[in-house]
Each structure stands twice: as C-alpha cells, then as structure tokens.
Amino acid sequence: MRDLIRRRRAPAAVTQKLDADDLVIAHAETSDGRILSASRRGLWLSNDQDARLVRWEDIVTAVWAEGVLTVTEGLVVTEREGYVVVERRPPWRVTVTGSKRLPPAVRDRVVRSVAVTERHDVQGRGVLIVGRRLSGDADVRWCVVFDEP
C-alpha cells in the first residue's frame with residue numbers, strides 16, 4: 001500500500017541547484033518528458049541534465065487552462081532609482097500531465113509574490129505599478145510593467 005501512495009522525488013537536476021533554504025513544493029511531468037517543479041524560490045523547468053529557474057517575482061502572468069500552463073516572464077530593461085521597468089517577454093507554454101498539486105502551488109506563489117498592484121493609464125497606454133516580494137528576501141522591488149502595445 002505504501003508503494004501506491006509514495007510520491008516521485010523531485011528531479012536531481014533541480015535538487016542539485018536548490019539553495020540550502022529552498023524546497024520543492026510540487027512537481028509534475030510535462031507532455032514532452034521534462035519536469036516542471038515549484039519551489040520556494042520559483043518555477044523550475046528541467047530535463048535529465050539541466051534545470052532552469054524562473055523566480056516568482058519575474059513571472060508577470062501564469063495561467064492554467066485545460067492542463068496547459070502559460071507563463072509570461074518579465075525582463076528588466078531599465079533600472080532607475082527605486083524601481084525597474086519590466087518588459088513582457090513572449091509567453092511560453094507547457095502541457096502538464098498528472099499533477100493536482102502543481103497548479104495551486106504555482107498560483108499561490110505567484111499571487112504571494114505580489115505585494116501591491118495598481119493599473120494606470122499613461123498617454124493612452126496601460127501601465128501596471130507592481131511591488132514584488134523578492135524570493136528569500138523581505139525587500140519589495142517596485143516595477144513598472146507596460147501593457148502590450
């Protein structure tokens with residue numbers, strides 16, 4: 001019976017790169033054989049040899065629909081005194097198979113990384129002012145994120 005409920009371990013490509021105080025919360029296989037893992041620090045996409053971390057505070061949006069996770073990352077394009085300007089990168093998608101724990105873990109972590117968000121119109125263009133909690137830190141990073149043109 002114990003073998004039936006035993007969880008599969010997080011991939012070594014991820015666990016080897018984790019900070020000492022980081023922990024994998026949930027993970028699932030993707031349709032192309034990679035593993036998507038949520039940790040305290042961010043979202044990991046890994047294969048047998050390597051893993052890439054996207055920190056929670058660098059995710060502009062993460063949307064689940066019918067087993068597909070669509071992630072839009074933000075890229076800091078300008079650093080100013082007290083804030084950064086973030087550009088939305090093209091979204092990437094991954095089909096996740098067999099995990100009920102991963103979608104709520106991703107949603108929870110992305111939402112918890114947002115301390116404050118306000119939308120404003122500036123010269124006919126939408127702008128988000130976002131205070132993001134930094135992973136593993138008490139500080140808040142202020143970001144300006146423009147809507148798509």
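How many salt bridges does a search of the whole structure find? In this predicted model, the search finds twelve salt bridges, and three of these pairs are set out in the table below with their N to O distances.

| Salt bridge | N to O distance |
|---|---|
| R41 and D19 | 3.3 Å |
| E57 and R55 | 3.2 Å |
| D108 and R112 | 3.1 Å |

The pair of R41 and D19 links distant parts of the chain, 22 residues apart, with R41 in the loop between β2 (35–39) and β3 (42–46) and D19 in the loop between α2 (12–15) and β1 (24–30). R41 is buried, with a relative accessible area of 9%, whereas D19 is partly exposed, with a relative accessible area of 39%.

In the salt bridge between E57 and R55, E57 is buried, its relative accessible area being 8%, while R55 counts as partly exposed at 24% relative accessibility.

D108 and R112 both belong to helix α3 (residues 102–112), and because they are four residues apart in this helix, about one helical turn separates them. D108 is partly exposed at 33% relative accessible area, and R112 likewise counts as partly exposed, at 46%. Elsewhere, R88, R119, D121 and D147 are joined into one network by salt bridges that share partners.

Turning to the nonpolar surface, Y83, V116, V140 and W142 make a patch of about 310 Å². W142 lies in strand β11 (residues 140–146) and is partly exposed, with a relative accessible area of 36%, which means that W142 passes the cut-off of over 30% that applies to patch residues.

Definitions and conventions: Residues numbered from 1 in each chain as written. Predicted model: local features only at pLDDT ≥ 70, side-chain atom pairs only at ≥ 80, totals over all residues. Heavy atoms only, no water. Patch = residues over 30% accessible without salt bridge, like charges linked within 9 Å, V, L, I, M, F, W, Y side chains within 5 Å. Areas by Shrake-Rupley, 256 points an atom, 1.4 Å probe, with all protein chains shown as cover. Salt bridge = Lys/Arg side-chain N within 4 Å of Asp/Glu carboxyl O. Helix = DSSP H or I, 4+ residues; strand = E, 2+ residues; numbered from the N terminus. Buried < 20%, exposed > 50% of the residue type's maximum accessible area, 1.4 Å probe, protein only.
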